[in-house]
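Biologist: Please take a close look at chain B for me. I want its helices, its domains, its partner contact and a few single residues.

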Amino acid sequence: MTGLESTLRGIVRSAAPIVIAGQGELITERAGVINLSLDGTIMLSAMTAHVIARETGSLTQAVLAAMLVGMAVAFVVVFSSIALRLSQVAVGFILTILCADLAIFLGKPHFNQPGKEIPHAPIPVLKDIPLLGPVFFDHNILIYLSLLLVVAVLFYIYRTRPGLTLRSIGEQPEAAFVRGTPVQLLRYVYTLAGGALVGLAGATYSLSVKLGWKEDLSGEGWIALAIVIFGLWMPGRVALGAYLIAGLRSVAIDLQDNDVIDLPAQIVNMLPWFLMIITLMIATSGVLEKVVRFTPDRFKPAARRFLRAAPPRALGTPFEKH
Amino acid sequence: MTTPANTTQRPASQSAPPGGLSRSMIWRWVLDMLPAMLTPFLGILAALVIIVLILEWQGADPQVAWDYLYEGTLEDNIRRADLVAYWMPLAVTSLGLVLTYTAGLWNIGVEGQLIMGAIGATWAVRLFAESDSPPLGLDLGRDGVLVMCFVFAALTAAFWALIAAVLKTRGGVNEIFGGVALNFIAQTFNMYLVSNGGPWQPTGSRATETARFPENARLPTFQDYRRLSPTTIYVTVGVFVVVVLIMYVSKWGLQLRAMGKNQHSAFLLGVRTERNVVLSMALCGAMAGLGGAYRVLAPDVSKLTAAPSGGIGFLAILVVLLASMSAVLIPFVSFVFAVLSKGGQRIESGFQWDYDIVLDRSLVRVLQSTVVLMVVLAFGARNRFFPPRSAQPPVDDDTNGDTNDG
């Protein structure tokens, strides 16, 4: 394995949880609901997966339990939004803190204990393709899942009938309702589905990427949330953002080991956050519109399609039947 | 939308009968207010039930936990003084947050602002109070040094809040995300200063903290309670008065409320929303900075540690949400939360020593956020299923006006 191959392989691996969580949050937000609790949910589900795997020895049960945790938290968000008409941001933020503290409290006895790992499962023939093989086909099942998920969500949202409905309840819930779409029910469904994926992301951390439970997951959920905005609510771009962050982190770690450039570790730790601010500024401040304006006419439609920044129009607003 | 049927003559519903309040009106008022008063208690009750269940599950007696909570916070005067010392930074930070949350600004960056306040205070100590020769060569005396500490803390933290505010108004970055990122950056910056040969770590030291502050940078303390400083109490009371004046007397407070209800409408009505966003964030940051200064200048700390905030910023957000942004409720709610946080340490150590049960102190943080969640949910349920009269759609209030002319 060459240096480049192992670097890229590491990026695909370490980006997997953010990719999964990003796709989950994307589905939720496309349905018009903001689940702000990602940071806490990922911690709680990672802790759950680690503990269940240790106690029962069953990785399947561990993953399922983590997904259930994610769904439970998502349920509180969507229930309080739809049934109680509370602010999604307020409830989501309280849940972020609650879940993180709950994870720390319940996970204390299992803190820093050796954890179980999802078995490594290289795909027989494909893994021997030069470059692509080691990068994409030499992982475990959760990492493959993260790759498949991007394709699946892309296909679902843009190429299927239910995907069209999903977009419509996030953009124009009134119109969708008039056409007979059960808006509230589908918002429940997609928020729960997104929550399950966030739980899966937590399990991916504790069972594969950052083995075990170490309380150092704080921040990952916020990065995933920011990447959904950076990706302008498009599955492919969200995944791209996740790989970009993972790539920059791996570069930063390499820089840290470098003897020539003496970079304090703290500067490296700050990088993702500077990046988060800068990317959000680029994504939301109208710079992209200018880029579109100055592209040659031939490429304008393509540029517009790739760069147009618009959140789902009904994002975060409750839908009321009249 | 009114029909001619009810445009006829019904007196305005507010007008009281001539002989003062009738008994039925009082009764109706009580019935109206009852859910509002009971709701928070229902929420708190639900949270307590959850915590009791967790305690039972962990094999700990809730009654004993309650005793530890009391013992660790309120039993004698020394404990009470320690409690007040913990309460003050929480209260002053929460008071600042009232300004931003009323305006609908989710200032999650308050944790980072608190840390920057702590750093600012330490910076002032390093500039003005180093015992042998202060770098600036000024001799301000202890009072002068402490004033500079508070000023520096407020300014650095306000600067940090301004970054988030400008990112929001000019960069289009939501204050939640800007705040989260700035929190992590502030934390990391603080770590950089005091760890691994950082510029503020004393040479030769391996501890991740600065040296203890010199004598002329220590807050005065009470005669009998060496860990509590009256200065923090005076400053906090002053901040409380300022916030109450802003919220209940000044026109600016009214503008903030209007922005919180609907920023766009407020803008259309002539409120300078962008200026108010920046101002309220900066003021909130300054107050959080004072909280940070209390934390590092506290007589028993008196140095910048690796985690000067100890999560007080996030706790303050919970306080403000629970107090539903009411400035006058802040002292009480933050007091209860301070009791829980302080008591949590005693609960942990008590169960460990006396019963050999490992009960991490994060349990009380779970309790705090559960209480807030449950109270918020309870209010949601109340407004949804037993709406207060003011929240019901008006039936005949708009009929005698000139709103419909067609």
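Modeller: What follows is a walk through chain B, from the whole chain down to single residues.

This is a predicted model, in which local features need pLDDT of at least 70, side-chain atom pairs count only at pLDDT 80 or more, and totals for chains, interfaces and linings use all residues. Residues are numbered from 1 along each chain as its sequence is written, while chains are lettered from A and ligands numbered from 1 in the order in which they are written.

Start with the whole chain. Chain B has 13 helices and 0 strands. Helices (H or I, at least four residues) and strands (E, at least two) are DSSP runs, numbered from the N terminus. Along the sequence, the pattern of chain B reads α-α-α-α-α-α-α-α-α-α-α-α-α. Of the 406 residues in chain B, 46% are buried. Buried means that 20 or more other C-beta atoms lie within 10 Å of the residue's own; exposed means 12 or fewer, partly exposed is in between, and C-beta atoms are placed from the backbone. Now take the contacts in chain B with a separation of 6 or more: 77% of them join residues 24 or more positions apart. Two residues are in contact if their C-beta atoms, placed from the backbone, lie within 7 Å.

Next, the domains. Chain B is assigned domain 1 (39-55 + 362-391) and domain 2 (91-333). Such bounds come from an automatic or database domain assignment. The C-alpha centres of domain 1 and domain 2 of chain B are 29 Å apart. Where they touch, 6 residues of domain 1 of chain B meet 4 residues of domain 2 of chain B. The domain 1 side of that contact in chain B has 4 nonpolar, 2 polar and no charged residues. Here Ala, Val, Leu, Ile, Met, Phe, Trp, Tyr, Cys and Pro count as nonpolar, Asp, Glu, Lys and Arg as charged, and the others, Gly among them, as polar.

Now the partner. The contact between the chains takes 32 residues from chain B and 31 residues from chain A. On the chain B side, the elements giving two or more residues are α6 (175-194), α11 (312-322) and α13 (362-385) of chain B. The largest share of that side, 13 residues, is from α13(B). By type, the chain B side divides into 21 nonpolar, 8 polar and 3 charged residues.

One helix pair deserves a closer view. Helix α3 (residues 77-102) of chain B packs against helix α10 (residues 273-297) of chain B at about 175 degrees, and their axes are 8 Å apart. Therefore α3(B) is roughly antiparallel to α10(B). Axes are lines fitted to C-alpha atoms, for helices over the stretch in contact, and angles run from 0 to 180 degrees between N-to-C directions. Angles under 35 degrees count as roughly parallel, over 145 as roughly antiparallel, 65 to 115 as roughly perpendicular and the rest as oblique. On α3(B), the contact residues include B:M88, B:V92, B:L95 and B:L99. On α10(B), they include B:M281, B:C284, B:A288 and B:R295. The residues of this α3(B) to α10(B) contact divide into 13 nonpolar, 5 polar and 1 charged.

Finally, single residues. B:V319 sits in helix α11 of chain B. B:V319 is buried, with 29 other C-beta atoms within 10 Å. Not counting residues up to four places away in sequence, B:V319 touches B:L90, B:S94, B:I330, B:V333, B:S334 and B:F337.

B:A60 is in the loop between α1 and α2 (62-73) of chain B. B:A60 is also buried, with 21 other C-beta atoms within 10 Å. Leaving out residues up to four places away in sequence, B:A60 touches B:L55, B:A65, B:F351, B:I357 and B:L359. B:A60 and B:Q368 are 308 residues apart along the chain, and their C-alpha atoms are separated by 19 Å.

B:I54 belongs to helix α1 (residues 23-57) of chain B. B:I54 counts as partly exposed, with 19 C-beta neighbours inside 10 Å. From B:I54 to B:I26 is 28 residues in sequence and 42 Å in space, C-alpha to C-alpha.

Two loop serines round this off. B:S302 has phi near 55 degrees, a positive value in a residue other than glycine. B:S302 lies in the loop between α10 and α11 of chain B, and is partly exposed, with 18 other C-beta atoms within 10 Å. For B:S324, phi is near 35 degrees, a positive value in a residue other than glycine. B:S324 is in the loop between α11 and α12 (330-355) of chain B, and counts as partly exposed with 14 C-beta neighbours inside 10 Å.
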